[in-house]
Every structure is written in structure tokens, then in C-alpha cells.
Amino acid sequence: MEKHTNPWWREEVGYILYPESFKDGNNDGIGDLPGLISKLDYLKNLGVGMVWICPIFSSPMEDNGYDVSDYYAINPRFGTMEDLKTLLEEAHKRGIKIILDFVLNHTSKEHPWFQKALKEKDSEERKYYLIRKGKWIDGKLYPPSNWGSFFTPSCWERIGDSDEYYFHSFGTSMPDVDWTNPNLRKKYVEIADFYISLGVDGFRLDAVAHLAKDMSFEDSSLPDEDGDGFVLDPSKFSNRPELLSYLKEFREEAIRGRNVCLIGEVGGSIQPSEGVTFANRHHGPLDLLFNFDTVWNNGNFGSIGKKDEEIVTNVMQLKHNFTRWYDACHKECDMPLYWCNHDHPRVLGQYGSREYRKESAKALCLTLLFLYGTPFFYQGEELAMDNLVEGSIADFAQDVGTKDSILAYRKAGYTDEEILSFLRRSARINARSIFSWENAPYGGFSSVAPILPQGKDYLEGYDAHTEELDPYSVLNFYKMAIQIRKQKYYNDLVLDSQLEWVDWNHQDVIAYLHRGYQTIMVVTNMRPYQVYFTFNFQIADILLHNYDGVLLNNHVLTLRPFESFLFVVK
Ligand code: NOJ
Ligand code: CA
């Protein structure tokens, strides 16, 4: 397998972009490619060198584009193939690489393959999907197995009133395809080839962990904790051994040594040692691998019924998760770093603080940026955008991933007030809210009301225009921080020197250093209150800091809420 020895993404800072809420170019309330093209200079000025764009292919948008109905057409709400070509051209002019989100675990049920599969039992397309007979027990029909899906209780959806079911690991409108079928695999190679020939620089392979299933479809023996008859058992369709050979074949046939980056989404059930096999620098089929381990380290996930005050960042767990991936990866493979994406709440509400909004947003930026790996920021993080703190049930129910769970929580007896306080801090639509461009109607996103929910950031001084003009804004802090990280000396230091944690056992502080000709050290208070940190170093310089003045007395650093430093130390 041919892999590049000094890949371009090692020098880049990435940006995760959700096109529907980024910028509306034709004023119909929906973000689109012309809107995005008009804001490329904003991304360039931020210092971003690669942009992963969430799905833009034709789709009925049941799961916001992750349900593709035509891989060779751009969803008209986002634009045309011509717009994509213009985007590639204009982005490349500005030194920005474009990564497309590529869904190859499932299609939309509206995809012509699936429609034909349903209609013609002998068709080639029928073999692209996982269609199995249900089980008759005492005259009653049951799904082929007790496997649960990510979005609905069962992985199986009955086909009409037949005794057959199709398999879906996510929503019912997203049937999974059968990767054991070589003809199907070839289809995906052709699609990738088409977009690489167009000039696309890489793909983020959606839900790639799930391509291989346990084809026996035997029942899971895990306990059915909620008593609905189904269990979500990752061992049945996540990171299974067959996956490696599918991905190797895909890389060899689709990439063919071209300088294209393959980023896999491998999810929560993978161990770092397995991850290294997938992303190994010399023989791994993928280049970068998104795990979920550093995303929910505060008890927020599934925290229905808990009070907001109970959601507290577990700093030790965060450090532990960063370090176990670092230990496994740094010699063997590159690694993406991120706080959140379009599937999570905003990081400000996750590990940051509304009360210390600027301080915490800056602290999170700095802390992530100098860890080993390729950093990716999620759109709006650079402005300190917040969750939909006033979002309604209707706002949250716009997401297929949340809609069913609202019904389930009501059925379980939770009040709408309890459900709302949970969703306002944890639902993924929080991060999909409308980008805050300026203090103008609809935040400058569009001249008409956006279809996705919009927070109040632009009314609170957290918008791109206002922040551009303020030298102390979060946005300008991001720009400075990215500029430093991208300097060759610091980039090499971060990627090539050993990462050393400082005062590892400190429960409130993340502190680490990289030793070199110039040794740099990050110290961040992750709490909304003052803490102390013993500091046995000599400060040679302060490259970045989110407060004025240094409170250092007798080797004790007093750290104010979310105070964060990038020091040069001796
Ligand atoms: C992961 C994507 O990030 C998420 O948004 C989507 O719902 C699932 N995969 C299904 O494609
Ligand atoms: Ca539009």
C-alpha cells in the first residue's frame, strides 16, 4: 500500500463545517455552497487549511444528508455540481483543502438501488442491502434478531406486510448496505474516484466502523435493560475484523496512491490499539481516525433526569483519554484532535462556561491546539457560540436522532421541562444552530428566517463581525493561537517531541509540555473558579494567555476561572 511520507494534513488546522447552517447564499433560509464560497476568506483568515463539509449529496434530509439518495448529484438545497467545482477552485486558490463527508454504510431508502431492491427480488440491487426473513413464533412475526439500532429500538424494519425486514443501524429511512458484496464495494470505489477526479482532497468516511456486520445475525446475549426486546450490541456491527480488509481494498482501488486524506469515523467502541491498525502511517487504510473518547467526559451523555449542576467536567478522565490515544498513536499514526462536531452539543456548554464565556472558549482552544495531533475546530467554536439555551421541543425534534427519544422520554414519565433541560445541554442540534455572522436580522445568515434553530449569540456580541473588530475577542484569540501552532517550529515540536504531562494528578488543571530548543508548556484551569497550581519552572515568555497579569507567588500559580497559558519555560 502506497502512503505519503510527509502528508499535508500534518501541517494543517481543520474546520468542521455544517453547510445547512453556515451561510445562505440565495436567501431561502438554508445554508448552501454559494454561501460557503462567499465566506472562504473568513476561513482563510482564521488560519484553517482544511474543511470537512457535512454531507451535500442529494438526500431527502431525514438525517440531514446522511441519508443519500444520489451520490452523483448535489442536493439542490445546497447548490449544483458546478457550485462544488467552484468551491474546490476557490478553496484551492486560498490554500484550503476540501474534505467531503462520504456515507458508505447506508443509503437513503429513496436511493434508486433500494427502490429497485424492494421492487425486484431478483435484481442485483437487492443484493446491495441486508434483507432477511423475520421469525414466526407462536403465529406472531418477529424481526430476524434482537439487535437494537442507534436511533430506534430495532435494527430491522418490516417491508410492507411481507415477512421480510431490512437492516438499518441508524434511522429506518437509512437501510445499511452489504459490504460483503464485491459489486457493491465497487460502486463506492467508483463514487470516490469520481470526486477525487473532480479535485476533492479527502473524505470523512461516515459511520465507517459499522460496515462489517456479524452476518449470522444471531441474537445478542447482552441484557435487555429497558425491556423493549432489543439491545444495542456494538460487537455485532462495530469495528469487526472484516472491516480492515474492506478498507484496504477501498484505499487501494479508490485512492491509488493519490494524495487524498481518508478520515474514518470509528466511534466509541474502539480501542486505541485497534485504531492504530486502521490508521498506521505505513500500512493502515485510513489516515486519520475520529474516536469519541474525549467528547462526553462530564456525565452529560444520556443524563436525562440529572440537574445541570451535576454535569461537571471530569478532568482526570479527559487527560486519561487523551493520553491513552496519544500513547498508542504518536509513533505509529497521525491523530485528529477535536472537542465536538455536529453530533454533540457545543463545547462551550460541554466543558466551558456561559458565565466565563470568553475565558473558557479561549482556554479550550489553547488546550487542544498544542496536544499531539491534527486539530479540528467545529464551526462557531471560534466565536464562543453557545447551545440553544432557550430551544423548544419543536426545535430539538427537527433531528431524527432526537425525535424518537423525546417520545421515549415522555413515555418513561419525564416532564417536558426535564426533557428540555436535558436536550438544551446535550442534543446535537445545539451545534447545528445558525452561524452567527453579525448583529443583524437572523445573525446575517440570511435575509429570511432560517429553517434550523438559531440561538442568541449574535445579540450577545458573539458574532464574526463584532469579534473581528475586537482585538480581545475569542475569534482573534483563535487566529493568534492557530498562527502560532502553524509555525514550523511549534508544529514540529508538537508532533515530533514527546508530550509530557505536568502535575498529572491535578484534578482541575490540564498541564503539559513539549521539550525542544524552546520548551513550551500549556497550563489550563478547567474550572469556573480559582485553583492553585505549583509551578517549578522559570517563565521565559508567554505566547498566549486569556487574562492580564500573572499571579505567581513562591512557586504557586493562582489560576483564575478558565485561566490558560502557553508559556515558553526554562
Ligand atoms: C455519523 C454522523 O456524524 C451522524 O450525524 C449521522 O447521523 C450518523 N453517522 C448516521 O449516518
Ligand atoms: Ca440557500
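1. Burial. In this predicted model, buried residues account for 61% of the 570 residues in the protein. The exposed surface of the protein comes to about 21,900 Å². Carbon and sulfur atoms supply 49% of that area.

2. Fold content and overall size. The protein has 18 helices and 23 strands. Its radius of gyration is 24 Å, and the globule rule gives 25 Å for 570 residues, so the protein is as compact as a globular protein of that length. Along the principal axes, the C-alpha atoms fill a box of roughly 80 × 55 × 50 Å.

3. Contact range. Consider contacts between residues at least 6 apart in sequence. Of these, 71% join residues at least 24 apart.

4. Ligand shell. Which residues are closest to ligand 1? They are Asp63, His106, Asp206, His342 and Asp343. The full set surrounding ligand 1 numbers 13 residues. By class, the shell holds seven charged, four nonpolar and two polar residues.

5. Polar contacts to the ligand. Three side chains can be listed with distances to an oxygen atom of ligand 1. For His106, a polar side-chain atom sits 3.0 Å from such an oxygen. For Arg428, an N or O atom of the side chain is 3.0 Å from an oxygen atom of the ligand. For Arg432, the distance from a polar side-chain atom to a ligand oxygen is 3.4 Å. As for cover, ligand 1 has 300 Å² of accessible area on its own, and the protein covers 97% of it.

6. His514, position and burial. His514 belongs to strand E17, which spans residues 509–514. Is His514 buried or exposed? The relative accessibility of His514 is 1%. Buried means under 20%, so His514 counts as buried.

7. His514, surroundings. What lies 2.7 Å from a polar atom of the His514 side chain? The backbone oxygen of Phe370 does. Phe370 also appears among the residues in contact with His514 once neighbours within four places in sequence are left aside. On that basis, the other contacts of His514 are Leu493, Val494, Ser497, Gln498, Leu499, Thr519 and Ile520.

8. Points to keep in view. For the ligand site, the shell includes seven charged residues, and Asp63, Asp206 and Asp343 are among the closest. The protein covers 97% of the accessible area of ligand 1. For His514, the 1% relative accessibility goes with a side-chain polar atom 2.7 Å from the backbone oxygen of Phe370.

Definitions and conventions:
Residues are numbered from 1 along each chain as its sequence is written. Chains are lettered from A and ligands numbered from 1 in the order in which they are written. This is a predicted model: local features need pLDDT of at least 70, side-chain atom pairs count only at pLDDT 80 or more; totals for chains, interfaces and linings use all residues. Side-chain values use heavy atoms; hydrogens and water are left out. A residue is near a molecule or strand if one of its heavy atoms lies within 4 Å of it. A polar contact is a pair of N or O atoms within 3.5 Å; within protein, one must be able to donate a hydrogen and the other to accept it, and residues adjacent in sequence count only if both atoms are side-chain atoms. Accessible areas come from the Shrake-Rupley method with a 1.4 Å probe; for residues, only the protein chains shown count as cover. Ala, Val, Leu, Ile, Met, Phe, Trp, Tyr, Cys and Pro count as nonpolar, Asp, Glu, Lys and Arg as charged, and the others, Gly among them, as polar. Helices (H or I, at least four residues) and strands (E, at least two) are DSSP runs, numbered from the N terminus. The radius of gyration is taken over C-alpha atoms; the globule rule is 2.2 Å times the number of residues to the power 0.38. Buried means under 20% relative accessible area, exposed over 50%, partly exposed in between (1.4 Å probe, protein chains only). Contact means heavy atoms within 4.5 Å.
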